[in-house]
Amino acid sequence: MKTQYPALLALIGAYFHQDWEIEGRGTDEIVDVYLRENETGTALAAAGEIERLLSAQMTEADLRDVLLDQLGSGYDAYGEEISMSEWLAHISQRLRQAGSIEIDDGGGKWNR
């Protein structure tokens, strides 16, 4: 599973690890940190891998197993009372949105 989703593994391993609270207070803050520290292409690759994982139409239990046991996530979306698929879809949406935002850096606009 790790070799099928290298960008997602990097996101999970570096930001949603067992001490994820160091990175932020919740999913959105952690995704914000990830977006500040990674290039747009990396974020879009992670979004694509999330979408591919969700398209496999696993049960919630299987998806939870993949994230927690196989990809090493220390973050359990059930604590937010949402499903793992809803949590992943939210992350993917945030990553995609960031990839399409234009930012004015004072010297012109560029895509993040």
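**Entry 1: D32 and its partner**

I started with D32 in this predicted model and looked up how open its side chain is. D32 has 30% relative accessibility, so I noted it as partly exposed. Which side chain does D32 meet in a salt bridge? I found R94, with 2.3 Å from N to O. I then checked where the two sit: D32 belongs to helix α2 (residues 27–37) and R94 to helix α5 (residues 84–100). They are 62 residues apart, and their pair links distant parts of the chain.

Is R94 buried or exposed? I read 17% relative accessibility for R94, which means that R94 counts as buried, because the cut-off for buried is under 20%. A reminder to myself: side chains of opposite charge can pair when their charged atoms come close.

**Entry 2: R96 and E51**

Next I stayed in helix α5 and looked at R96. R96 makes a salt bridge with E51, and their closest N and O atoms lie 2.9 Å apart. Where is E51? I found E51 in helix α3 (residues 40–55), 45 residues from R96, so to speak a link between distant parts of the chain. I wrote down 35% relative accessible area for R96, which is partly exposed. E51 is partly exposed too, at 34%.

**Entry 3: D76 and R64**

My third pair was D76 with R64, whose side chains meet in a salt bridge of 2.2 Å, N to O. D76 lies in the loop between α4 and α5, while R64 is in helix α4, 12 residues away. For D76 I noted a relative accessible area of 26%, which is partly exposed. R64 comes out as partly exposed as well, with 28% relative accessibility.

Which residues are joined into one network by salt bridges that share partners? I listed D28, D32 and R94. How many salt bridges does the count give? I got 4.

**Entry 4: the faces of helix α4**

R64 had brought me to α4, so I looked at the rest of that helix, residues 60–70. Here I found L63, V66 and L67 buried. Why do the buried residues line one face of α4? Looking down the axis of α4, I saw them fall within an arc of 85 degrees, so they line one face of the helix. On the other side of α4 I found A61 and D69, which are exposed.

Last, I looked just past the end of α4. There G72 takes a positive phi of about 75 degrees.

Note on methods
Residues are numbered from 1 along each chain as its sequence is written. This is a predicted model: local features need pLDDT of at least 70, side-chain atom pairs count only at pLDDT 80 or more; totals for chains, interfaces and linings use all residues. Side-chain values use heavy atoms; hydrogens and water are left out. Buried means under 20% relative accessible area, exposed over 50%, partly exposed in between (1.4 Å probe, protein chains only). Helices (H or I, at least four residues) and strands (E, at least two) are DSSP runs, numbered from the N terminus. The arc is that of the directions from the helix axis to the C-beta atoms.
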